[in-house]
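Please examine the sequence and the structure shown here. The paragraphs that follow lead through selected features, residue by residue.

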Amino acid sequence: MLFYSLDIETTGLDFENDQILEIAIIEADTADFKEKRSLCLRIVHDMIRGQMPALIMNQELIKKIYMRTPEEGVKYLKPDKVSEEIMNFFPDSLLDTHTFAGKNLASFDIPFLRAKGYLDDMLKIHRRYLDPSILYWNPNEDESLPNLETCKKRAGFKNHRVVHSALDDARDIIHLLGSHFLSK
């Protein structure tokens, strides 16, 4: 089954006032959990606004956006071009319902993208999402679902640091799912 790992980086948690800086979508298959193709968009806003902790956390990304640092596979776009670029990534959007994977996808990423008008209503998204945190949740120890870093530790990843790059985080989701299901 094809699925799409999605992650965003934002200037804060407020859907109305904060901005999306980066969006990554990676197509993968549950047969091998390997990346098939990807889309990485960095959004060039006329002015950045947001919450100080998020701005500090994303300061390197903000520098890359304003310098338009060339990186393979990364596109820099104004906000009004983002929805079109995402829809172009899904040429079969009118025919198929797409399954997405991610951490905080249902409660944050998808609603934030919709609030900003970046997800066209034509894109059919399955109402169920793949969230690897449930696979690494320990009901005897955890009071809530583990964060991405804890999931990576529990999966035995050598590097469990989360770099807060949408593309790297989307890849981590695929690797976490693959690590769990391919080891069975």
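**From His164 to the helix that follows**

In this predicted model, His164 is partly exposed, with a relative accessible area of 33%. The residue belongs to the loop between H5 and H6. Its phi is positive, at about 60 degrees, although His164 is not a glycine. A second case of this kind is Phe33, a residue other than glycine whose phi is near 55 degrees. Phe33 is placed in the loop between S2 and S3. Its relative accessibility is 10%, and Phe33 therefore counts as buried, since the limit is under 20%.

The loop that holds His164 leads to H6. Helix H6 comprises residues 166-182. For its 17 residues, at 1.5 Å a residue, a span of 24 Å is expected, and the end C-alpha atoms are 24 Å apart, so the two values agree.

Which residues of H6 are buried? They are Ala166, Leu167, Asp169, Ala170, Asp172, Ile173, Ile174, Leu176, Leu177, Gly178 and His180. As a general point, an α-helix has 3.6 residues a turn, so residues three or four places apart point the same way. The buried residues of H6 pack against the strands S1 (2-10), S2 (20-29), S3 (35-43) and S5, and also against helix H5 (148-154).

Arg171 is likewise found in H6, but this residue is partly exposed, because its relative accessible area of 28% falls between the limits of 20% and 50%. Leaving aside residues up to four places away in sequence, Arg171 touches Ile26 and Glu35. With Glu35 there is a polar contact from side chain to side chain, at 2.8 Å. Between Arg171 and Ile110 the C-alpha to C-alpha distance is 17 Å, with 61 residues separating them in sequence.

Another basic residue, Lys103, is located in the loop between strand S5 (100-101) and helix H4 (105-115). Which side chain of opposite charge is nearest to Lys103? It is that of Asp131, 4.5 Å away. A salt bridge requires a distance within 4 Å, so buried Lys103 has none. A polar atom of the Lys103 side chain does, however, lie 3.2 Å from the backbone oxygen of Pro146. Not counting residues up to four places away in sequence, Lys103 touches Asp109, Asp131, Ser133, Pro146, Asn147, Leu148 and Ile173. Ile173, one of these contacts of Lys103, is also among the buried residues of H6.

Note on methods
Residues are numbered from 1 along each chain as its sequence is written. This is a predicted model: local features need pLDDT of at least 70, side-chain atom pairs count only at pLDDT 80 or more; totals for chains, interfaces and linings use all residues. Side-chain values use heavy atoms; hydrogens and water are left out. Helices (H or I, at least four residues) and strands (E, at least two) are DSSP runs, numbered from the N terminus. Buried means under 20% relative accessible area, exposed over 50%, partly exposed in between (1.4 Å probe, protein chains only). Lys and Arg count as positive and Asp and Glu as negative; His and the chain ends are not counted. A polar contact is a pair of N or O atoms within 3.5 Å; within protein, one must be able to donate a hydrogen and the other to accept it, and residues adjacent in sequence count only if both atoms are side-chain atoms. Contact means heavy atoms within 4.5 Å. The expected span of a helix is 1.5 Å times one less than its number of residues.
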